[in-house]
Amino acid sequence: MAAREGVGSSALMTAIHSRDSRRQVVIVGGWRTPLARAGGVFAREDAGHIGAAIARETIARCNIDVEDVDEVIVGCAGPPHDQANVGRVIGLRAGIPERVPGRTVARNCASGMEAITEAATCIEAGRGDMYLVLGVEMMSRFPLIMGDRLTRFFAKLSSARSLGQRVATLASFRPSMMAPRIALMEGLTDPISGMIMGKTAELLAREWNVSREDADRFALESHARAKAAREAGILKREIVPFLPIGAREGQHALAHDDAVRDNQSMESLAKLKPYFEKPDGRVTVGNSCGITDGACAMIVASADRARELGLTPLAKIRSWSYAGLDPARMGLGPVFATAKALDEGGATIADVGSIEINEAFAAQVLACAKAFDSDTFAQEKLGRSAKLGTLDMSRVNRNGGAIAIGHPVGCTGARIVLTAAHELQASDRELTLATLCIGGGQGGAVLLERAS
Amino acid sequence: MIDIAGLPTPKDAPPAGVCVRIERPEKGLIRLVLDPPHRTLPVFDMPLLRDLDLALDVVEKDAGITGLVVTGRDTKTFAAGADIDAIAALTDRATVGRVVAIGQNLFERIDALSTTRANFTSVAAIGGAAPGGACELALACSFAILCDNDATRIGLPETMLGILPGWGGTTRLPRRIGLAKALEAILSGKLYTPREALRAGLVDRLCAPEDLLRIASDIAMRRTRIERRSRGAAKFFVDMNPLAVAFIASAAKKQVLSRTHGHYPAPLMAIDIAARANRSSTSASFKAEREAVQELATGPISKNLIRIFELSESAKKLKMLTNGRNAAVPTRVGVLGAGVMGRAIASSSADRGAWTRLFDIVPAALDTALIEHRADVESRLKKRKLQKNAADRALDRLDVTDSLVGFANVELVVEAVAERLDVKRKVFQELARQMKSDAILATNTSSLSVDAIASDIPHPERVVGLHFFNPVKRMPLVEIVRGTRTSPEVVARCAAFALALGKTPVVTKDCAGFLVNRLLGPYLDESLRLFAGGIDPARIDRSLRNFGMPMGPLALLDEVGFDIAGHAARSLHEAYGARMTPSTVLDGLVAEQRLGKKAKRGFYEHSDDRKVKPILAGDLHRFVPANSVRIRDLSDAEIAQRVVLAMLAEAARALEEHVVASARELDLATVFGMGFAPFRGGLLAWADTIGARAIVQNLEAIAREPDVAARIGGPERFASCTLLARLARDDAKFHAT
């Protein structure tokens, strides 16, 4: 078989056969904080505090006894430097007994999903029965970093022994050394392709013929759906109001995702200039995901353990997968990962009632939709004879997506799984899907099934 | 050997030489270990002092000894100061004088060794609590080192018990750290943590418990150099300067008087002795200490303060279960209702380390609760009373929710929702469905019956009242209200919880007003009656403050709020009948929305600026009811007597009905629940000084006053119940010996 991105059929057969003997993994329940604009009301929070708070609330609302938790797994792409293993810190701050270990996992944008699938892997391997998992990211707190020249300057200064050495080192100082490195910007740039994320979306927009207008329209729809969901109170099933550190007397807990623009319009979107490729680009800040802070916690357990403890799960995990692809076209990750996950789960797109696909960029999502719908793509890239299926956009991101509510990197992977789990209740089909593209050239997908 | 004949000695006193172990870890070094076998917590009682004397004889006779270490039996135990029980029992000045002299002389001998013997170094090596006499022993040594652990505290709390440090502390401390700092320590009675003690200069060094004895030996044998902080220039310019000293002393006196209104002589005498300590001879200063303690210890104020201290200590026993073990403190607590009381209870619970879940249907109330709690933690962090990780812990311990979910693993819930029976019952029923059957359902109600709330709740034995006082963080009393079905185990667990919050619990029956509010009812109402009868409101409040109450009754009504006070008064009236008939004065004020402090206007006008004292409103004459009978001109003492006797008559009834276990609990509740003059020892202790006969006569006289006789319930309020009548007949005391 020629080398290609995607899954080989022998591996597929093994996966299907062993799936039946694996332990069933369920999501007992989950809750998230609202997502707040970076630099806004959550700006003084830190991952340890906000993560522990949503963890405690989730444990309480799911009626979990902390003594039953086997491990704490937290997805976070950029943990605070003074809480490097933020998973351990969150566990202890949430009242989990100290004998229960905790770890932090990372897979860029899918770190929150990685925490869930790691728990599932451990359960299937028989290493444990109940896991507290989180996805958390404080985009506001990505640091400004000292440049290399300034770092070397301070190192030389502290190792200077004589007055002469010290004076000489001080004299070598140049103001240009002070220019900081903006960790957030650097973090969003892929080192292999050298492309910042927005540029990969531009590439897909050109290759898949997604126009500026298409992208803007999709962005508008995301805001409109998010606004409608808020007004209908749909997300009360997922969101716990949160009062952040730094709130002053008279201020109130945030109850809704606050980055949603209620008055978004095609006119105001059209006014924006392309951000990543001037002057002809199609990707603007208006049709890209917002930058927000937030945390999402979940209890993942074996179906047996949930039954023993008398818990009613929210969803069963049917299958999941990660797939690698060209970093320059990372936006197509969902297509690759979904293909694998559907195969492993023995399902097709027709079985999926609702899809949460992370809106990194409008152009990227639209490119994915076209790739899902393309026989050529399926044959050339996925090793399949026919397309995966046409996506019914009315079933995709029903309640809006990251363009409206933002993409706290480590949190999103868990957030979309939680929303997909809730969508099962309203769905007319057996399954729901959560999938996202991952900076660096990957895709992740989780397929969920009704619990009862 | 000192002669301890005739001095108070415990019954199980061991034979001579046993209480102080003499160890010789190396040549030239002697280590004295305070280890009296008859005390779990060592105390400087006669046997220990006698054996310390014998040990010092050994040290003095052996010229080869150049190092002395005094230490406790382990790093969590030193000695708890002088024998308070013994002092409380003393009534004879001469005996007190001997006890004081013994301690002074012993410690002076330790001090003298450093001056008379070349290179002699003494070290107090302390782990555990070292209050009072124990601290004075440390001050007499060349150096004092403390274990840096949670169990260790040091200070001079004698003035809290109505005496002052009489074993050289009032002399040595100002010489060591200067007058201002010494007064701060002595007048506050504070027990310093190791770091605070080091910062204040009370001790010379800290160390880890495992290193205590080794480092003490190194210092005593001068292998480790250690500098005692010298006062330097301050010694000349401040300590020896009569003007500076006079200034500091007078400022301190002003502060003491404003707090104590002249009722407590001990702090004032301590200021005088400390002020002269730097410029008088040691013997003169010691003599002054001795004479002061002789006067104070035999006086009633000290006896009363010691009694109250002992009462509050014995309240700790309430957490003991029937199997002799202490009830566990709950680690998961719930609070329902984020009003003023609820959020303060939740914040206290979170501060003390319990995972606390606060519920309210109004999200804004939850926001306020969180903001207040965080601000409180933040301010303690800023004042360095907390480290960052401890502050994070306190923040993490409080969660809020606006839906009644997530209480399944909560061990104890305190409800502080609206004062409506149907609401409370509904919320307890809902919780009972979620929570385990042995989880405690406690109510903070002040006007409803615990039994009524408990009816139809499964496992009613776990329903109990846990009545806090406002403001929760400052008021030390908690009433644990037993319903008829409440189990003793639940009471013990509630006591453990209350004690963990730093409160003092008192167990009461489930009657209207429980204890404190039932007594406050007539106290406050009678004050209103006096106001209605034309007595100047300023005089009413002043008279009661002079009597020793922390604030006047009208000021207290402002604090409580007239709506709440009115509601409470109506409950008492409904339950107890005519004698609790409320005055109509508050109705007029409430009608104008003038509810007291919360509305910024009541009897007083309250400024937004907390530093500005409330001023009596100028238009109060408008609220004197038109048809009230004028009261004759009463003296200040008569005003106080009327109001306090109204309360006392009710206290006698409450005691007769066994609302609390005994007169002791009643006194404890009055002191801790309403601030009843501690120097008087509590309401019934005061009554005993007057005598039941005089009280009955005074009550009858008041009942005959025209305004009392004319009003509904007047004579009933001042009637003597059966108990009181019997005490009068037998000339007996409330506090039977």
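Is Arg539(B) buried or exposed? Select Arg539(B) and look at its surroundings before going on: at a relative accessible area of 18%, Arg539(B) is buried, a value to be read with the understanding that the model is predicted.

**Stop 1: from Arg539(B) to Asp636(B)**

Add Asp636(B) to the selection, and you will find that its side chain meets that of Arg539(B) in a salt bridge, with 3.0 Å from N to O. Because Asp636(B) belongs to helix α25 (residues 636-656) of chain B and Arg539(B) to helix α21 (residues 537-547) of chain B, this pair ties together parts that lie 97 residues apart in sequence. Asp636(B), for its part, is partly exposed, with a relative accessible area of 27%. From here, select Asp525(B), Glu526(B), Arg529(B), Arg642(B), Asp707(B), Arg711(B) and Arg717(B), which salt bridges with shared partners join into one network.

**Stop 2: Asp619(B)**

Next, move to the loop between β19 (615-616) and α25 of chain B, where Asp619(B) is found. Asp619(B) counts as buried, at 16% relative accessibility, and its side chain makes a polar contact of 2.9 Å with the side chain of Arg594(B). If neighbours within four places in sequence are left aside, the residues in contact with Asp619(B) are Arg594(B) and Arg601(B).

**Stop 3: helix α1 of chain B**

Now select residues 46-61 of chain B, which form helix α1, a run of 16 residues that reaches 23 Å from its first C-alpha to its last, close to the 22 Å expected at 1.5 Å a residue. The helix is mostly covered, with 12 of its 16 residues buried; among them are Met46(B), Leu49(B), Leu52(B), Leu56(B) and Val59(B), but also the charged Arg50(B), Asp51(B), Asp53(B) and Asp57(B). To see what covers them, display β1 (20-26), β2 (29-34), β3 (67-72), α3 (93-116) and α4 (133-140) of chain B, against which the buried residues of α1(B) pack.

One of these buried residues deserves a selection of its own, together with its partner: Asp53(B) forms a salt bridge with Arg109(B), in which the closest N and O atoms are 2.6 Å apart. Since Asp53(B) lies in helix α1 of chain B and Arg109(B) in helix α3 of chain B, the pair ties together parts that are 56 residues apart in sequence. Both ends of the bridge are buried, Asp53(B) with a relative accessible area of 4% and Arg109(B) with one of 19%.

**Stop 4: Ala275(B)**

Go on to helix α11 (residues 265-277) of chain B and pick out Ala275(B), which counts as buried at 9% relative accessibility. Beyond its neighbours within four places in sequence, Ala275(B) is in contact with Leu179(B), Val245(B) and Ala249(B). For a sense of scale, draw a distance from Ala275(B) to Asp150(B): the two are 125 residues apart in sequence and 33 Å apart in space, C-alpha to C-alpha.

**Stop 5: where chain A meets chain B**

Colour the two chains separately and select the residues at their boundary, where 23 residues of chain A are in contact with 20 residues of chain B. About 1,700 Å² is buried between chain A and chain B, and carbon and sulfur atoms give 46% of that area. Arg56(A), Arg93(A) and Leu243(A) supply 32% of the area that chain A buries against chain B, which is more than any other three residues.

The count of salt bridges between the two chains is 5, and one to display is that of Arg56(A) with Asp399(B), whose closest N and O atoms are 2.7 Å apart. Polar contacts across this interface involve 9 residue pairs, both residues being at pLDDT 80 or more. On the chain A side, α2 (47-61) and α3 (86-93) each supply at least two of the residues that touch chain B, and the largest share, 5 residues, comes from α2(A). The residues on this side divide into 10 nonpolar, 6 polar and 7 charged.

**Stop 6: a pair within one helix of chain A**

Finally, select Glu308(A) and Arg305(A), whose side chains meet in a salt bridge at 2.7 Å, N to O. Why are these two separated by about one helical turn? They are 3 residues apart in helix α11 (residues 303-308) of chain A, and an α-helix has 3.6 residues a turn, so residues three or four places apart point the same way. Glu308(A) is exposed, with a relative accessible area of 57%, whereas Arg305(A) counts as partly exposed at 22%.

Definitions and conventions
Residues numbered from 1 in each chain as written. Chains lettered and ligands numbered in written order. Predicted model: local features only at pLDDT ≥ 70, side-chain atom pairs only at ≥ 80, totals over all residues. Heavy atoms only, no water. Helix = DSSP H or I, 4+ residues; strand = E, 2+ residues; numbered from the N terminus. Expected span 1.5 Å × (residues − 1). Buried < 20%, exposed > 50% of the residue type's maximum accessible area, 1.4 Å probe, protein only. Contact = heavy atoms within 4.5 Å. Buried area = accessible area lost by both parts, 1.4 Å probe. Salt bridge = Lys/Arg side-chain N within 4 Å of Asp/Glu carboxyl O. Polar contact = N/O pair within 3.5 Å; in protein donor to acceptor, adjacent residues only side chain to side chain.
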